Amino acid sequence: MRIIVDAFGGDNAPLEVLRGCAMAVKEYGVDIIACGSEKTIREVCQKNRIPLDRISITDVEKVIPVEVDPTEVVKSYDDCTMAVGMKMLASGEGDAFVSAGSTGAIVVGASLFVKRIKGIKRAALATVIPSQDGCYMLLDMGANAECRPEMLVQFGIMGSAYMEHVLGIERPRVGIINIGTEENKGLELQIDAYRMMQHAPVNFVGNIEPRDLPFTKCDVAVADGFVGNVVLKLTEGLGSWFSKELKGILFQNAASKIGAVFLSKGVLSFKKKMDYTEYGGAPLMGISKPVIKAHGSSNAKAFKNAIRQAKEYTERGVIGEISDALAQLRANAADNRTEG
């Protein structure tokens, strides 16, 4: 399998990206196509003893800055590392694309260069968040601040396909993030989406209040990008605060330090569960070929796992499953019109 990588996307590029690529080649047996300055890549790899086995280089000098308007990726920056990598994906030169660069540019570039799945209104950024009994997928987490009800339904379909075929969850439970569980709660968006979701080919479990998300009341939590991003950042902040508080409690005095020794295994297990580097990146759901957005501050481990995610997303046919579910949704809608 050939994974195309934006070698110069992200805060720690290219060093951590290249380290992650080398780790992925060794652990997952993938071939990497690194887009970026060949001269710089070879210098960095030589200086840091990073092997280039099964890593080929597509020489690209220009890099799109994170502060540039995302639409510039298809205008004045259409020859940058990100754009070149996406064009290669679209033309079949690779099986998946991974970048830790600008989120906005990735969404715009993937939608216009790689194209959306037929019938998908908008691509959505999704992320897997740890919870009490495992994890749940949150989408959209920021690609679409404003949404229509049918978009939330499509998010549910896409998230359900991913959780079933990549994480192996049978009949994933899909819920709409809302301020209450009743059908008539929320704004017009949530009320209409609830009604439409009842006829979608997913295991819909109704509205989910944010306080229930950590207790795995659903496997896929859908929301517009504004709400989703708020949930994501609050979750990240609470996780960081809790970790600092726990550390302070365990090391505040000699007695607590002794107790910490006996709790260390459990604490390390919890820390690993909350570590974003274990999950890799966020799949851009709804694009016709696999595109993974790695965290902007990804280290080598996180980038390696983003490549693993791209490999699994490709191998397990999630995009085909999404297309099939959309076809079923259209058939259901046609049947409902006939019955009406």
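**View A. Helix α3 is mostly covered, with eight of its ten residues buried.** This is a predicted model, in which local features need pLDDT of at least 70, side-chain atom pairs count only at pLDDT 80 or more, and totals for chains, interfaces and linings use all residues. Residues are numbered from 1 along each chain as its sequence is written, and side-chain values use heavy atoms, with hydrogens and water left out. Look for Thr-81, Met-82, Ala-83, Val-84, Gly-85, Met-86, Met-88 and Leu-89, the buried residues of α3. Buried means under 20% relative accessible area, exposed means over 50%, and partly exposed lies in between (1.4 Å probe, protein chains only). The cover over the buried part of α3 includes β1 (2–6), β2, β3 (55–59), β4 (96–99), α4 and β11 (291–294). Helices (H or I, at least four residues) and strands (E, at least two) are DSSP runs, numbered from the N terminus. Just past the end of α3, you will find Gly-92 with a positive phi of about 85 degrees.

**View B. Helix α4 is largely enclosed by the rest of the structure, since nine of its twelve residues are buried.** The buried residues are Ala-105, Ile-106, Val-107, Val-108, Gly-109, Ala-110, Ser-111, Phe-113 and Val-114. Elements that cover them include α3, β4, β5, β10 and β11. From first C-alpha to last, α4 reaches 15 Å, close to the 16 Å expected at 1.5 Å a residue; the expected span is 1.5 Å times one less than the number of residues.

**View C. The largest nonpolar core holds 40 residues.** Such a core is a set of buried Ala, Val, Leu, Ile, Met, Phe, Trp, Tyr and Cys residues joined through side-chain atoms within 4.5 Å. Good places to start are Val-73, Met-82, Met-86, Leu-138, Leu-213, Leu-284 and Val-291, which touch the most other members. At least two residues of this core come from each of β2 (31–36), α3 (81–90), α4 (103–114), β5 (124–131), β6 (134–139), α7 and β10 (281–285). Helix α4 gives the largest share, seven residues. A second, separate core has 38 residues, among them Ile-117, Ala-126, Cys-135 and Ile-176.

**View D. Val-73 has many partners to pick out, including Ile-64 and Phe-113.** Its other contacts are Asp-78, Cys-80, Met-82, Ala-83, Ala-105, Val-108 and Gly-109, leaving aside neighbours within four places in sequence. Contact here means heavy atoms within 4.5 Å.

**View E. Two residues of helix α7, Val-231 and Phe-242, sit in contrasting surroundings.** Val-231 is buried, with a relative accessible area of 10%, whereas Phe-242 is partly exposed at 39%. Not counting residues up to four places away in sequence, Val-231 touches Tyr-136, Leu-138, Ile-177 and Leu-213. Leu-213 is 18 residues from Val-231 in sequence and 9.6 Å from it in space, C-alpha to C-alpha. Phe-242, meanwhile, joins Leu-234, Leu-238 and Trp-241 in a nonpolar surface patch with about 440 Å² of accessible area together. Patches are made of residues with over 30% relative accessible area and no salt bridge, with like charges joined within 9 Å and nonpolar side chains (Val, Leu, Ile, Met, Phe, Trp, Tyr) within 5 Å. A salt bridge puts a side-chain nitrogen of Lys or Arg within 4 Å of a carboxyl oxygen of Asp or Glu. Areas come from the Shrake-Rupley method with a 1.4 Å probe, and for residues only the protein chains shown count as cover.

**View F. Helix α5 (residues 149–165) spans 25 Å from its first C-alpha to its last.** That is close to the 24 Å expected at 1.5 Å a residue. Helix α5 is mostly covered, with 14 of its 17 residues buried.

**View G. Lys-115 and Thr-216 both have a positive phi although neither is a glycine.** Most residues other than glycine have a negative phi, and most peptide bonds are trans. Lys-115 lies in the loop between α4 and β5, has a phi of about 85 degrees and counts as partly exposed at 45% relative accessibility. Thr-216 belongs to the loop between β8 (203–208) and β9 (220–222), has a phi of about 55 degrees and is buried at 8% relative accessible area.

**View H. Cis peptide bonds join Ala-13 to Pro-14 and Leu-139 to Asp-140.** Omega is about 0 degrees for the bond at Pro-14, which is placed in the loop between β1 and α1 (15–28). The bond between Leu-139 and Asp-140 also has an omega of about 0 degrees, and you will find Asp-140 in the loop between β6 and α5.
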